[in-house]
Amino acid sequence: MRILIINGPNLNMLGVREPSVYGTGSYEQLCAMLHGWADMLDVEIEIFQSNHEGAIVDEIQEALGNFDGIVINPAAYTHTSVAILDALKAVSIPTVEVHISDVNAREEFRRHSFVSLYAMKTIAGLGFDGYRVALETLKTALAE
Ligand code: CA2
């Protein structure tokens, strides 16, 4: 089972600022945790991060035929990107959306997610652990 993990803009800055919102762990630590959880769950993962909307759309398109599932934290594009929503719909790969922070308890503009219109599940507010829950959710769904 192959799962693509996509992280959107500024997530590569994790641990550098806003530790009260996103925790103190760095992006490298998040990636190490993801590899550990993937081993534990016996799933293959590839991790992709970009600050560019088009690059994320390209990556989603290239996932067609190469991945069974997608875990995506679209970061700020969550709230703005019809292009990412359309790409997910186009490839029709089972997808779980993750947010490190509790987007529903923050500014009003963070409450709306375009990606949620496609994702089978949205996990928010669990910190880095949300990615583990997303991997478990996808593994269970894909096994059914
Ligand atoms: O909670 C999440 O995971 C978010 O997707 C993170 C995005 C934000 O725009 C979404 O509303 C919720 C922001 C990621 C930026 O990460 C930073 C990391 C370090 C310092 C500043 C921002």
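**The ligand and its pocket in a predicted model**

Visitor: How do you know that the ligand sits in the largest pocket?

Guide: In this predicted model, a molecule counts as sitting in a pocket if more than half of its atoms lie within 2 Å of the grid points of that pocket. The ligand is assigned to the largest pocket, so it fulfils that criterion.

Visitor: What makes the approach of histidine 79 to the ligand a polar contact?

Guide: The limit for a pair of N or O atoms is 3.5 Å. An N or O atom in the side chain of histidine 79 is 2.7 Å from an oxygen atom of the ligand, and therefore the pair qualifies. Histidine 99 also has a polar side-chain atom 2.9 Å from a ligand oxygen, while isoleucine 100 places a backbone N or O atom 2.7 Å from an oxygen of the ligand. The protein buries 92% of the 500 Å² that the ligand exposes when taken alone.

Visitor: Why are Asn73 and Arg110 counted among the residues around the ligand?

Guide: A residue is included if one of its heavy atoms lies within 4 Å of the molecule. Asn73 and Arg110 are among the closest of the 17 residues that surround the ligand, so both meet this cut-off. By class, the shell comprises 9 nonpolar, 5 polar and 3 charged residues.

Visitor: What lines the largest pocket?

Guide: Its lining consists of 21 residues, with Pro9, Asn10, Leu11, Tyr22 and Ala75 nearest the centre. The lining divides into 10 nonpolar, 7 polar and 4 charged residues, and the pocket volume is about 400 Å³.

Definitions and conventions. Residues are numbered from 1 along each chain as its sequence is written. This is a predicted model: local features need pLDDT of at least 70, side-chain atom pairs count only at pLDDT 80 or more; totals for chains, interfaces and linings use all residues. Side-chain values use heavy atoms; hydrogens and water are left out. A polar contact is a pair of N or O atoms within 3.5 Å; within protein, one must be able to donate a hydrogen and the other to accept it, and residues adjacent in sequence count only if both atoms are side-chain atoms. Accessible areas come from the Shrake-Rupley method with a 1.4 Å probe; for residues, only the protein chains shown count as cover. On a 1 Å grid over the protein atoms alone, a cavity is a set of points where a 1.4 Å probe fits but cannot get out, and a pocket is an open set with protein on both sides within 12 Å along at least five of seven lines; lining residues have an atom within 4 Å of a point. Ala, Val, Leu, Ile, Met, Phe, Trp, Tyr, Cys and Pro count as nonpolar, Asp, Glu, Lys and Arg as charged, and the others, Gly among them, as polar. Grid points are joined across faces, edges and corners, and a volume is the space filled by probe spheres set on the points.
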